[in-house]
Amino acid sequence: QVQLVESGGGSVQAGGSLRLSCAASGDTYSRSCMGWFRQAPGKEREGVATIYTDGDNTDYADSVKGRFTISRDNAKRTVYLQMTNLKPEDTAIYYCAAEDGFLGGGNCYGAGPGGYNYWGQGTQVTVSS
């Protein structure tokens with residue numbers, strides 16, 4: 001069982017920055033993929049960035065490459081999403097997600113939301129133009 005608690009959302013103007021945090025508890029943290037997903041009104045949930053246990057295996061949606069950085073601090077059992085140069089189209093509820101260690105480092109992003117079975121409550125990010 002994994003529990004995820006997100007923090008760090010808010011409202012910013014275009015070009016601004018935010019850092020999201022996701023604190024995890026549970027036995028699978030040390031050997032699993034974790035990811036950030038987002039869902040805008042009227043749209044499906046989509047992957048933003050994922051990271052494997054080793055912290056080196058990361059992947060990003062094309063729309064955020066070069067602007068967002070995912071990282072994890074295993075000692076703190078926390079995953080971060082540093083978001084810079086935010087755009088109005090980044091406005092969404094952002095969710096942290098984890099899985100039970102079945103995906104493997106090469107499939108963290110490709111598995112999509114369906115590959116993750118633990119979800120945080122979500123945090124709102126609003127970017128105004």
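At 2% relative accessibility, Glu 99 counts as buried, a word used here for residues under 20% relative accessible area, while exposed means over 50% and partly exposed covers what lies in between, with a 1.4 Å probe and protein chains only. This residue sits in the loop between β9 and β10 (118-119), and its C-alpha atom is 8.3 Å in space from that of Val 2, although the two residues are 97 apart in sequence.

Before going further, the reader should know that this is a predicted model, in which local features need pLDDT of at least 70 and side-chain atom pairs count only at pLDDT 80 or more, whereas totals for chains, interfaces and linings use all residues. Residues are numbered from 1 along each chain as its sequence is written, and side-chain values use heavy atoms, with hydrogens and water left out.

Consider next the chain as a whole, which has 11 strands and zero helices; here helices (H or I, at least four residues) and strands (E, at least two) are DSSP runs, numbered from the N terminus. The radius of gyration of the chain is 13 Å, close to the 14 Å that the globule rule gives for 129 residues, so the chain is as compact as a globular protein of that length; this radius is taken over C-alpha atoms, and the rule is 2.2 Å times the number of residues to the power 0.38. Along its principal axes, the C-alpha trace spans about 40 × 25 × 25 Å, and 44% of the 129 residues count as buried. Of the contacts (heavy atoms within 4.5 Å) with a separation of 6 or more, 61% join residues that are 24 or more positions apart.

Some of the strands can be followed into a sheet, where two strands pair if DSSP finds at least two bridges between them. Four strands form an open sheet in the order β1-β3-β8-β7, with antiparallel pairing, and its edge strands, β1 (3-7) and β7 (68-73), each pair on one side only. Between β1 and strand β3 (residues 18-25), the antiparallel pairing runs over five bridges, and Glu 6 has Cys 22 in β3 as its bridge partner.

The side chains offer another kind of link. Side chains of opposite charge can pair when their charged atoms come close. The structure holds four salt bridges, each being a side-chain nitrogen of Lys or Arg within 4 Å of a carboxyl oxygen of Asp or Glu. Which residues are linked in a network of salt bridges? They are Arg 38, Glu 46, Arg 67 and Asp 90.

Within this network, Glu 46 and Arg 38 meet through their side chains at 2.7 Å, N to O; Glu 46 is partly exposed, with a relative accessible area of 37%, whereas Arg 38 is buried, at 7%. Asp 90 also forms a salt bridge with Arg 38, the closest N and O atoms being 3.0 Å apart. Asp 90 lies in the loop between β8 (78-83) and β9 (92-98), while Arg 38 belongs to strand β4 (residues 34-39), so this pair ties together parts that are 52 residues apart in sequence. Both Asp 90 and Arg 38 are buried.

A further salt bridge joins Asp 62 to Lys 65, with the closest N and O atoms 3.2 Å apart. Here Asp 62 is exposed, with a relative accessible area of 65%, and Lys 65 counts as partly exposed at 47% relative accessibility.
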